[in-house]
Amino acid sequence: MDNREIILKVEKLNTTFISDRKEIKIVKDVSFQMRRGTTLAVVGESGCGKSVTMNSILRFMGKNAIVNAQNIQYNALCDGKVTEYHLEKIKEANGSQMRALRGPEISMVFQDPMSSLNPVYKVGDQVAEGLLWHNKGMKKAEARQRVLEMFQKLGIPDPKERIDCYPHQFSGGMKQRVVIAIAMICNPKLIICDEPTTALDVTIQAQIMELLKELQVKEGKSIILITHNMGLVAEMADEVCVMYMGRIVEFGSLEDLFDRTSHPYTKALLRSVPVLGLGEGRKLETIPGVTPNPADLGEGCEFADRCQECMERCHKGRIPMFEIAPGHRVRCLKFDSYPEVD
């Protein structure tokens, strides 16, 4: 596929944490690519490595993390020409080269708006900060006008008054809109949304997701949506990446994941989603067992002890990814008659 069509390509990404002098591997050989102008949903249980994967790509990891990758390639497109940035080769996580990409090219909407905003600064100043940093000659009055326009675009009422308010004067939904404004103000091409509606009620969730979808359609943004909400996935995603214990276990189009579900873990996730009006009095299905400790994992499939389709050989050796249809990949030995893709 042409680099003009691919905005992000990740190959063999591994993230290891140092804890009590032990090395615990959290992200394991993650590889995927994302088409420009689409939404990629990254799903799985809490603790499966979704956020760590994205933070590793953007180099937001702490000093106790070791990030290695064969390739993390971001393709910037300007006037039909592609500039490749190999993020794994950028030595300083907070150096000028990485900071130049964060904002104008890639931005992130963090999980909790309550902790993403500084309580002692006006929200307008917090949104304008990135704009002024990336545009050294811009006047504060011009930046303020751009922030007002962004607030109007995001549906924040009375923007001229609210721009000078502090975070505690905003509701949860309005705080999330401010966080999105911070991510959007430099007009990035790729937006990573880490559980953007976790702290919000259902009505506000719908409004925020509708807002993101509208921005994507109108402005051609690419969105990575980190979530465990399969309803949001069905509504927003073009492609879906399912993760379990730091590995991608299934990757495909939205139709592949919902209509041709193949990995036992993906099947279990979908069975555990409550469906309104289906089977009165029926108990909600759960995934048997508990998520294992990453430090205690041995060989074989990480999901084997919880899998209803487990075979003896699932506990041994490496479990490769198989391509069972064009673009539809599954990490399961049931499909070992198909070609390996990693």
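The lining of the largest cavity is made up, by class, of 11 nonpolar, one polar and three charged residues, in a model that is predicted. About 110 Å³ of space lies in this largest cavity, and the count of cavities of 30 Å³ or more comes to one. Of the 15 residues that line the largest cavity, Pro-264, Cys-301, Cys-307, Cys-314 and Cys-332 are the closest to its centre.

**Pockets**

The largest pocket has a volume of about 670 Å³, and among the 21 residues that line this pocket, Arg-102, Gly-103, Phe-110, Gly-130 and Ile-182 lie nearest its centre. The elements that contribute two or more residues to this lining are β7 (106-109), α4 (123-134) and α7, with α4 giving the most, namely five residues. Sorted by class, the lining of the largest pocket holds 11 nonpolar, seven polar and three charged residues.

The second largest pocket has a volume of about 430 Å³, and 22 residues line this pocket, of which Val-10, Ser-31, Phe-32, Gln-33 and Arg-329 are the closest to its centre. At least two lining residues come from each of the strands β1 (6-19), β2 (22-35) and β11 (247-253), and β2 gives the most to the lining of the second largest pocket, with six residues. The class division of this second lining is nine nonpolar, four polar and nine charged residues.

The table sets out the classes of the three linings.

| Space | Nonpolar | Polar | Charged |
|---|---|---|---|
| Largest pocket | 11 residues | seven residues | three residues |
| Second largest pocket | nine residues | four residues | nine residues |
| Largest cavity | 11 residues | one residue | three residues |

**Helix packing around α7**

Helix α7, which gives two or more residues to the lining of the largest pocket, also takes part in two helix pairs, one with α4 and one with α8.

In the pair with α4, the axes come within 8 Å and cross at roughly 20 degrees; α4 and α7 are therefore roughly parallel to each other, the angle being under 35 degrees. The crossing of α4 and α7 is right-handed, and the residues that meet are Val-123, Gln-126 and Val-127 in α4 and Val-178, Ala-181 and Ile-182 in α7. By class, this contact of α4 with α7 comprises five nonpolar residues, one polar residue and no charged residues. Ile-182, which belongs to the α7 side of this contact, is also one of the residues that lie nearest the centre of the largest pocket.

In the pair with α8, the axes of α7 (residues 172-184) and α8 (residues 202-219) come within 10 Å and cross at roughly 20 degrees, which makes α7 roughly parallel to α8. This crossing, in which α7 passes α8, is right-handed. On the α7 side the contact is made by Gly-173, Gln-176, Arg-177, Ile-180 and Met-184, while α8 supplies Ile-204, Gln-207, Ile-208, Leu-211, Leu-212, Leu-215 and Glu-219. By class, the contact of α7 with α8 has seven nonpolar, three polar and two charged residues.

Technical notes: Residues numbered from 1 in each chain as written. Predicted model: local features only at pLDDT ≥ 70, side-chain atom pairs only at ≥ 80, totals over all residues. Heavy atoms only, no water. Axes fitted to C-alpha atoms, helices over the stretch in contact; angles between N-to-C directions. Helix = DSSP H or I, 4+ residues; strand = E, 2+ residues; numbered from the N terminus. Parallel < 35°, antiparallel > 145°, perpendicular 65-115°, else oblique. Left-handed = near helix turned anticlockwise from the far one by under 90°. Contact = heavy atoms within 4.5 Å. Nonpolar A, V, L, I, M, F, W, Y, C, P; charged D, E, K, R; others polar. 1 Å grid on protein atoms, 1.4 Å probe; cavity = no way out; pocket = protein on both sides within 12 Å on 5 of 7 lines; lining within 4 Å. Points joined across faces, edges and corners; volume = space filled by probe spheres on them.
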